[in-house]
Amino acid sequence: MELLRKPILTEKASGLTEKSNRFTFKVDHKANKLQIKQVIEKMYGVSVLAVNTMVVDGKVKSRNTKAGLVTGRSPKYKKAIVTLKDGETIDYYANV
């Protein structure tokens, strides 16, 4: 099971990284905080202080077509916000 899906690189996530040394990832729905902590420490060689998780609901999307209004949802996902020890950082592109 691949626990970490991908990092989340939005303005809000970048602000968290700059201000409070927190990094955001999309993770597997079945992953718990201990598993996420172990994977991050192993992959990036950093020490994790805390892991916060949340399930983000998908947004409602709609568009007009010839058949009329079509509505649907984008998929929901689990997000993990990882707090690192002061002075440590994660380089997303180092493990490519």
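Hi everyone. Before we start, one definition: helices and strands here are DSSP runs, numbered from the N terminus, with at least four residues for a helix and at least two for a strand. Please keep in mind that we are looking at a predicted model.

Let's begin with a loop. Asn-21 sits in the loop between H1 and E2. Have a look at its backbone: Asn-21 is not a glycine, yet its phi is positive, about 55°. Is Asn-21 buried or exposed? Buried means under 20% relative accessible area. Asn-21 has 15% relative accessibility, so Asn-21 counts as buried.

Now follow the chain into strand E2, which covers residues 22–27. E2 pairs with strand E1, residues 4–7, in the antiparallel sense over three bridges. One bridge to find on your screen joins Lys-6 to Lys-26 in E2. E2 also pairs with E6, again antiparallel, and here there are six bridges. Look for Val-27, whose bridge partner in E6 is Lys-78.

That brings us to the largest pocket, with a volume of about 170 Å³. Which elements each supply at least two residues of its lining? They are helix H1 (11–20), strand E2 and strand E6 (77–84). Among the lining residues you can pick out Ala-13, Leu-16, Thr-24, Lys-26, Tyr-77 and Lys-79. You have already met Lys-26 as the bridge partner of Lys-6. And what is the lining like by class? It has five nonpolar, two polar and three charged residues.

Thanks for listening, everyone!

Definitions and conventions
Residues are numbered from 1 along each chain as its sequence is written. This is a predicted model: local features need pLDDT of at least 70, side-chain atom pairs count only at pLDDT 80 or more; totals for chains, interfaces and linings use all residues. Side-chain values use heavy atoms; hydrogens and water are left out. On a 1 Å grid over the protein atoms alone, a cavity is a set of points where a 1.4 Å probe fits but cannot get out, and a pocket is an open set with protein on both sides within 12 Å along at least five of seven lines; lining residues have an atom within 4 Å of a point. Grid points are joined across faces, edges and corners, and a volume is the space filled by probe spheres set on the points. Ala, Val, Leu, Ile, Met, Phe, Trp, Tyr, Cys and Pro count as nonpolar, Asp, Glu, Lys and Arg as charged, and the others, Gly among them, as polar. Two strands pair if DSSP finds at least two bridges between them. Buried means under 20% relative accessible area, exposed over 50%, partly exposed in between (1.4 Å probe, protein chains only).
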